[in-house]
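Student: Got a minute to go through this model with me? I'd like to hop between a few spots.
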Amino acid sequence: MTASRVLVLNSGSSSVKYQLLDMADRSRLAAGLVERIGEETSRLVHEPLTGPGAAAGPRERLGPIADHEAALEAVAAELAADGMGLDSPELAAVGHRVVHGGTRFTRPTVIDDEVLAEIRSLIPLAPLHNPANVTGIEVARSLRADVPQVAVFDTAFHSTMPEHVARYAIDAATADKYAIRRYGFHGTSHAYVSRATAALLGRPVEDVNVIVLHLGNGASASAVRGGVCEETSMGLTPLEGLVMGTRSGDVDPAVVFHLARVGGLSVDEIDSLLNKKSGLLGLCGDNDMREVQRRADGGDPAARLALAAYVHRLKKYIGAYTAVLGRVDAVVFTAGVGENAAAVREAAVAGLEELGLALDPEANAVRSTEPRLVSAKDARVAVAVVPTDEELEIATQAYALVTQ
């Protein structure tokens, strides 16, 4: 029997998302979420997607789950109840989403003690994410020490950015000392979507230039030439770039100095302000695009301002990345807002006819889970909606590495 299953783990500070996939046919066997780890109100939702349990639908387990070790043991128990336990000889690898790989990790990597130590050393670059990623890896290794554990890094896809793009124009010695450069994030999504867009167009990925707009609560843009990232909007951290749900995106760095000197805010208070109390939330009090759109449609001035700022930043990056690439074959929308907010897609493309962009209103209004074109038939540049699949991308990269 050839082992072909991959368990994908995305460990957060108080949550674990997971999927079990069979890479023989790229099918999903099970998926689930453990949330509020460490609280009395912990919750596990497990959904078998194949076999006898699938017909019954999701199963929910409520009650305290003390830590990540208990969480993964609970996940293993749910999978075992469906005949897909972690002790199965069919398990080929565990793929871990790791947010920050720094400059060393530019491709998926089998985790050993040295690699784990390196990931731990990168915690200062991703203090909210890498600690939880490390915990998930440690627990998974303890549960199945004989199965390869593979780290797939959010930053890896963007490691191809030219040095003059990745560098900030600050003192080089200081930048090198503190590893300050543009890394980019959402890399698994940008990688998957750029390839899927080429397939949608029926062209080899090497021949296609794409602007990918990953629009969720976190949002990022990338300029991808022939499957290779040339630039992305997020930088040292996920704060730079587009207007997001709670993050400001691009601001003058002197805003930080001004808030410290004039406002008396501490570094931690400014960090919280820009990451958790800005973006759509800061402008209008809501970070859910559906509610912002509803309020804007009803004439709410704050929501209209927030939506206008959000769309304006999108237009700026579409224009800038058109200049970076020189030739654009497609602008593609993905993630929660990108896939579902037709009005945002329409507003982002409106007025960009000189760049070759135009929507088909009827196609744009259709809701679907399938990749699709929403551009006008005579548009020079395709506009597409491609649902992202980061779990499949992680599983694909992990399985390819362990079966080489």
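Tutor: Sure. Start with Arg26, found in the loop between strand E2 (16-22) and strand E3 (27-35). Keep in mind that this is a predicted model.

Student: Is Arg26 buried, exposed or partly exposed?

Tutor: Partly exposed. Its relative accessible area is 43%, and the partly exposed class lies between the 20% and 50% cut-offs.

Student: Which residues does Arg26 touch, not counting those up to four places away in sequence?

Tutor: Leu392 and Thr396. With Thr396 there is also a polar contact, side chain to side chain, at 3.5 Å.

Student: And how far is Arg26 from Ala382, C-alpha to C-alpha?

Tutor: The two C-alpha atoms are separated by 28 Å. Along the chain, Arg26 and Ala382 are 356 residues apart.

Student: New topic. Where is Asn364?

Tutor: In helix H14, which covers residues 361-365.

Student: Buried or exposed?

Tutor: Buried. Asn364 has 3% relative accessibility, so it falls under the 20% cut-off.

Student: What polar contact does the side chain of Asn364 make with another side chain?

Tutor: One with the side chain of Arg345, at 2.7 Å. A polar atom of the Asn364 side chain also lies 3.0 Å from the backbone oxygen of Ala342.

Student: What does Asn364 touch, leaving out residues up to four places away in sequence?

Tutor: Ala342 and Arg345, plus Glu346, Leu359 and Val374.

Student: Let's do helix packing. At roughly what angle do H1 and H3 cross?

Tutor: Roughly 50 degrees. H1 is residues 68-81, H3 is residues 130-143, and their axes come within 9 Å.

Student: Why call H1 and H3 oblique?

Tutor: Because the angle of roughly 50 degrees lies outside the parallel, perpendicular and antiparallel ranges. H1 and H3 are therefore oblique to each other.

Student: Which way does H1 pass H3, left-handed or right-handed?

Tutor: Right-handed.

Student: Which residues meet there?

Tutor: From H1, His68, Glu69, Leu72 and Glu73. From H3, Thr135, Gly136, Val139, Ala140 and Leu143.

Student: And how do H7 and H8 pack?

Tutor: At an angle of about 130 degrees, with axes 10 Å apart. H7 spans residues 254-261 and H8 spans residues 267-276. This pair is oblique as well, and H7 passes H8 in a right-handed crossing. Val256, Leu259 and Ala260 of H7 make the contact with Ile270, Leu273 and Leu274 of H8.

Student: Backbone next. What's the phi of Ala179?

Tutor: Positive, about 55 degrees, although Ala179 is not a glycine. Most residues other than glycine have a negative phi.

Student: Where does Ala179 sit?

Tutor: In the loop between helix H5 (172-177) and helix H6 (187-201). Ala179 is partly exposed, at 30% relative accessibility.

Student: What about His186?

Tutor: His186 also has a positive phi, near 60 degrees, and is not a glycine. His186 lies in the loop between H5 and H6. His186 counts as buried, with 11% relative accessibility.

Student: Last one. How many disulfides does a search of the whole structure find?

Tutor: Zero. A disulfide would need a pair of cysteine sulfur atoms within 2.5 Å.

Student: Are Cys229 and Cys284 buried or exposed?

Tutor: Buried. Cys229 has a relative accessible area of 0%, and Cys284 is at 9% relative accessibility.

Methods. Residues numbered from 1 in each chain as written. Predicted model: local features only at pLDDT ≥ 70, side-chain atom pairs only at ≥ 80, totals over all residues. Heavy atoms only, no water. Buried < 20%, exposed > 50% of the residue type's maximum accessible area, 1.4 Å probe, protein only. Helix = DSSP H or I, 4+ residues; strand = E, 2+ residues; numbered from the N terminus. Polar contact = N/O pair within 3.5 Å; in protein donor to acceptor, adjacent residues only side chain to side chain. Contact = heavy atoms within 4.5 Å. Axes fitted to C-alpha atoms, helices over the stretch in contact; angles between N-to-C directions. Parallel < 35°, antiparallel > 145°, perpendicular 65-115°, else oblique. Left-handed = near helix turned anticlockwise from the far one by under 90°.
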